Every structure is written in C-alpha cells, then in structure tokens.
Amino acid sequence: MAETNSKRFHEKDREDRIRTVKEFSGLSEDEAEILRGNDGISFGEADHMVENVIGTMAFPLGIGTNFRINGRDYLVPMVIEESSVIAAASKAAKIARKHGGFSMESDESYSIGQIQVVGVNPRTAIPKVLRASKTILKLANSKSKTLSQMKKGAKKVTCKRLETKSGPMLIVELLIDVGDAMGANVTNTMCEGVAPLIEEITGGRVILRILSNYSTRRLVRGKAVFDKEEVGGSKVVADIIHAYNFAANDPYRAVTHNKGVMNGIIAVANATGQDTRAMEAAAHAFASKGGIYTSLTTWKKDKAGNLVGSIEVPMPVGIVGGIINVHPMIRVCLKILGVKSAGELGCVIGAVGLAQNFSAIRALASEGIQKGHMRLHAKNIAISAGVPKEKVHEVAQKMIQENNVSVGRAREMLESGN
Ligand code: NAD
C-alpha cells in the first residue's frame, strides 16, 4: 500500500496505524484487539508450545509499507528488535514502486527427506532402491492423507553414494511436495515410515531419517528496478555496484551483506511464524553453493542507468502447520499480509530481503550506515543510559541534533538536567 493518506504511516499514532491496517486487510475488531494485546499469547498457549515455560517475551511488531509485489500491494508485518530495518525496507519499497515494484516467482514447495543406509554396497543397492521407487513412494504417501488428497506428497526417489571415514553409505532421498506447509514433520514422518522397507530392499541398516534443511528445491527469485534519480544519482548507482562486487568477491563482506538481506527476511518470518533457523541455515548454505560464500543478491545497471537488484534464496516457509495455526498474533499477521499460498508468502519474504539489502548498501555506499541507524537507535541509547521514560524522546532528539548519539552524551544530559 502506498503512503497516500494525509499522514504517512510512521507519523500516525498506534490506534491510527491499527485502523489503517484493519481497513486495508479487513481485520475484524477481535483481530485488531489481538494486535492491541501486545504479545498475543497467553501463558497457557506458550506452555503448550514448548517446555519448562515460565513466561512469554514480546518483540516489536511493525509494518513494512509501500510494498508492491507482482502487481499487488501488501502491508508487511515485521517482527524485529533492531531499529531502522522496517524503515529501511519501507523506503526501498517506495523507491521500487516507481518502476512497478518487485517481480517475484517461487518454485513448487519440494522438501528433501534423507534416509541414511549403512552396511550395504551402494553400487548394488542403488538399482534395487530405484526399481522399488513406486512401492516406496506409495508407502511414503500413505503417511499423509492430506497431501495425497491434494495430489501432493512424495514424488521421486533418488540415491547417492557417500565415501566416508566410517565406510561407504547409501543416502536415499525422497522429494516431497509439501504444499503450503514448511513440511518438516511430514517429511520426517515419511522418511521414518519407509525406512524398514529400505532396509528390506537393501539388506542394510538405516540410521538417520530426516529432512534436509538445504532447501534447494523451493527457491524464490525476483528483481526490482530502483530509479537512478531516487537512488541518489549515477555516482551512487555506480558505488552500490562497487559495493555489491565487494560482497560478490569477499566472504568477509558477503556475510555482512547477507546479514542485511536476512534482516528483512527473518523479520517477516518471525511475524508469520516460520522456522527461522531452517531459513537461515538454507540461505547461508545456498550462498556457498559455488564453493565460496558469496552474495545472495546481485546488483547491476540497466540501459537507462537505473539500478537493478535481484535475489535468489531458498524459502522453506508455510502458511499452515507448525505454530501458524496456534499463535493468535501470527494468524492476524498472515491475515494482514493476505497471502494465499506458501509460494506467495515466499515471494513477499524474498522481496523484503531484496529491499532491505538495497537500503543497506545504498547507505553504505553513500552517507554511511551510522547516521540513519543511530538516529533511529537514539531512543534505545537514551533508555540504556537510564533516561526516564518521559524524557526519552527529548534526549534522543537532542542527541540527533547534536549528531552525537551515545550513552555517554545521554548520561551527561541526564546528569545536567537538560
Ligand atoms: P505440521 O507438522 O504442523 O504439518 C502440517 C500439516 O498440515 C501437514 O501434515 C498436512 O497434513 C496439513 N495441511 C493442511 N493443509 C495443507 C496444505 N494446504 N498444504 C500442506 N499441508 C497441509 O507442520 P510441518 O510444516 O510439517 O512442520 C513444521 C514444523 O516442524 C516447524 O515448527 C519446524 O520448526 C518443525 N521441525 C523442523 C525440523 C527441521 O527443520 N530440521 C525438524 C523437525 C521439526
């Protein structure tokens, strides 16, 4: 949604922001009330979710604005503790709108399940497993009625041979269309379900039966054009490309570059109840697929001199399963987003990652990242210096004006009373 109202989203007060989101996404009053409830989860709900619970802990939930993805406007819920991420993503999305926003696409949601077989000669066992593919797939699919009814589920059996220090091993892999779920549990259930059959076929012994988090069969990719003038002119465009090439050629820089991408990706993932560890693990492994860790995004200039960014990243996400159907705030966040499939959610998340990366490298390649970051971080600095709540805004503004945002300066102001 474009910031077309008289007040821009960040200038509205909380109630006005909630009203805007409610109208845009068609939330009910009960759903709006969940947003006002701060953490949206009771002790009882938390106690069912994990073990040894003593409480719950809230993080800020903000809205990424201006996102236009595949011709549709989105308000994007983002949960993150780091200041400046939501503002930076929204700013990038605003610039991208000028040339139509983000064009994104997602693969089918295929997960990969692995079954490790030892005590076999892989060379003779592999043809036996492949010949029994149909029977293996049938057994795997009998473990999920839902996926079978949707004509999804296990689709293919493949095998690979590993030579290891503990001897040769056969790895049987199931390729499973998990539909709109992240699919870890269904994948693990299928792997465990077919393990005895694999042992029978190969005469070997199965040890591990679990999904691979290297989600290379569910990638999201896409691009956006950032107008040369809005970016800051052709020198800034050229410097952003220099910055990208630094990341593309140096893992020390690429890790930080990709951390910026993940700032956007994980914030949306948190808000929508995803397994962020699975996403991080897959993204960083994918960044190393060529043997050297590199950038998850690419940046170049088009013929008109505009900046073109693209991204390709694994996207093991779901809109059903896990805690998604359990956590009331997550359900509201998904309703705000209004996505209808895991693929569409992946497209939004990928676009936010690209937007976030744009803002980070633009700041780095021009004014430096600290000016903007510290402006937005000033209130946190004031709080950590012990400034009382009612004075935080005033002290933060003063530090920004003085261009000296630091705990030391906040303490001085506190002690001198101004
Ligand atoms: P889940 O176990 O809740 O299962 C999702 C279920 O939803 C499916 O089994 C299916 O029956 C049903 N379903 C209904 N409509 C569907 C649709 N349109 N498409 C697909 N399925 C539909 O959740 P999950 O996604 O299998 O597992 C995710 C959870 O597993 C996460 O909480 C994750 O943290 C956890 N996990 C992760 C790992 C790992 O990443 N290594 C390992 C184990 C568990």
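**Ligand shell and aromatic pairs**

Let me start at the ligand, where a backbone N or O atom of Val 186 sits 3.4 Å from one of the ligand's oxygen atoms; please keep in mind that this is a predicted model. The protein covers 69% of the 880 Å² of accessible area that the ligand has on its own. Two further contacts belong here: a backbone N or O atom of Gly 322 is 3.0 Å from an oxygen atom of the ligand, and a polar backbone atom of Asp 180 lies 2.9 Å from a ligand nitrogen.

Around the ligand there are 19 residues, of which Asp 180, Gly 183, Asn 185, Asn 213 and Asp 275 come nearest. By character, this shell divides into nine nonpolar, eight polar and two charged residues. Domain 1 (9-106 + 221-366) and domain 2 (110-212) each contribute at least three residues to the shell, and among the helices α8 gives the most, with four residues.

Turning to the aromatic rings, the count comes to five aromatic pairs. One of them is the stacked pair of Phe 67 and Phe 102, with 5.6 Å from centre to centre and 25 degrees between the planes. This pair links strand β1 (residues 61-69), which holds Phe 67, to strand β3 (residues 102-106), which holds Phe 102, across 35 residues. Phe 67 counts as buried because its relative accessibility is 0%, and Phe 102, at 1%, counts as buried as well. Phe 226 and Trp 299 also have ring centres 5.6 Å apart, but their planes stand at 50 degrees, so this pair is tilted. Ring pairs join these four residues and Phe 358 into a cluster.

Terms used. Residues are numbered from 1 along each chain as its sequence is written. This is a predicted model: local features need pLDDT of at least 70, side-chain atom pairs count only at pLDDT 80 or more; totals for chains, interfaces and linings use all residues. Side-chain values use heavy atoms; hydrogens and water are left out. A residue is near a molecule or strand if one of its heavy atoms lies within 4 Å of it. A polar contact is a pair of N or O atoms within 3.5 Å; within protein, one must be able to donate a hydrogen and the other to accept it, and residues adjacent in sequence count only if both atoms are side-chain atoms. Accessible areas come from the Shrake-Rupley method with a 1.4 Å probe; for residues, only the protein chains shown count as cover. Helices (H or I, at least four residues) and strands (E, at least two) are DSSP runs, numbered from the N terminus. Ala, Val, Leu, Ile, Met, Phe, Trp, Tyr, Cys and Pro count as nonpolar, Asp, Glu, Lys and Arg as charged, and the others, Gly among them, as polar. Domain bounds come from an automatic or database domain assignment. Rings of Phe, Tyr and Trp (its six-membered ring) pair if their centres lie within 6.5 Å; planes under 30 degrees apart count as stacked, over 60 as edge-to-face and the rest as tilted. Buried means under 20% relative accessible area, exposed over 50%, partly exposed in between (1.4 Å probe, protein chains only).
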